[in-house]
Amino acid sequence: MLYLAPTPIGNLDDITIRVKKILCEVDLIIAEDTRNSAILLKRIESKVKMKSYHDHNETKVSENFIEFMKSGKNIALITDAGTPGIADPAFYIVREAIKNGVKIVSLPGASAFVTALVASGLPSERFIFENFLPPKSAKRKKIFEGLKNEKRTVIFYESPYRIIKVLQEMDDCFGDIPVVVARELTKIYEEFIRATPKKILKFFEKRTPKGEFVVLFNASGITTRELGFDEENDEKNGEKKL
């Protein structure tokens with residue numbers, strides 16, 4: 001059996017009781033980064049052996065893991081943070097497990113983009129997730145151009161090294177649309193910055209971007225004023241409305 005086990009995206013207390021139980025009972029845990037995951041396993045007192053499974057070895061090791069499960073053993077797949085299969089190579093081993101008749105159990109749990117969406121204040125009944133955008137500016141601009149008429153809320157992940165450039169590109173492409181930048185989700189310094197791209201850029205003129213970002217926007221025509229994003233700065237609960 002293959003368990004897809006979500007892990008906390010920041011606060012280690014966010015692990016579910018069921019995931020904790022599985023991670024202490026399976027025969028093997030495969031992880032994107034064993035050094036990072038070792039911190040969590042130590043916290044929950046799991047003694048289960050762990051092996052690496054990541055973008056650079058997925059095809060090489062998957063066959064061995066499949067044979068291991070076909071022999072009657074259970075494996076739990078975890079990622080660095082969040083739900084396996086979102087911005088990591090879980091798809092490959094899931095596909096191979098299906099081909100080989102290995103049962104798959106997907107456990108519910110943390111996911112950064114869902115956590116950001118439901119607290120963003122943007123329409124959340126329909127949305128699209130774009131994962132990490134391309135590192136090249138020209139490719140990002142092409143994607144943004146293709147999203148100009150998108151009515152659903154758009155979500156993507158971004159690094160602190162590109163967030164300024166990406167916001168500039170969004171301002172050039174979309175103008176004054178409502179944007180939410182969420183960072184350090186579930187951690188002590190969690191914050192949501194809600195404004196237009198231009199105003200968020202001004203915010204980062206005074207503060208160096210740090211941490212991993214979830215960026216959300218809605219180009220359907222709804223305004224920041226309608227969403228309540230045009231109020232004066234509100235530092236309550238780590239929220240910033242610019």
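**Aromatic ring pairs in a predicted model**

Thank you all; I will start with the count, which comes to 11 aromatic pairs, where rings of Phe, Tyr and Trp (its six-membered ring) pair if their centres lie within 6.5 Å, and where planes under 30 degrees apart count as stacked, over 60 as edge-to-face and the rest as tilted. One of these pairs is edge-to-face because the rings of phenylalanine 129 and tyrosine 157 have planes at 70 degrees, with their centres 5.1 Å apart. Phenylalanine 129 lies in strand E6 (residues 127-132) and tyrosine 157 in strand E7 (residues 153-158), so this pair ties together parts that are 28 residues apart in sequence; strands here are DSSP runs of E, at least two residues, and helices are runs of H or I, at least four, numbered from the N terminus.

Tyrosine 157 is buried at a relative accessible area of 10%, whereas phenylalanine 129, at 25%, is partly exposed; buried means under 20%, exposed over 50%, and partly exposed in between, with a 1.4 Å probe and protein chains only.

This is a predicted model, in which local features need pLDDT of at least 70 and side-chain atom pairs count only at pLDDT 80 or more, while totals for chains, interfaces and linings use all residues. Residues are numbered from 1 along each chain as its sequence is written, and side-chain values use heavy atoms, leaving out hydrogens and water.

Turning to the cluster, ring pairs join Phe129 and Tyr157 with Phe113, Phe127 and Phe132.
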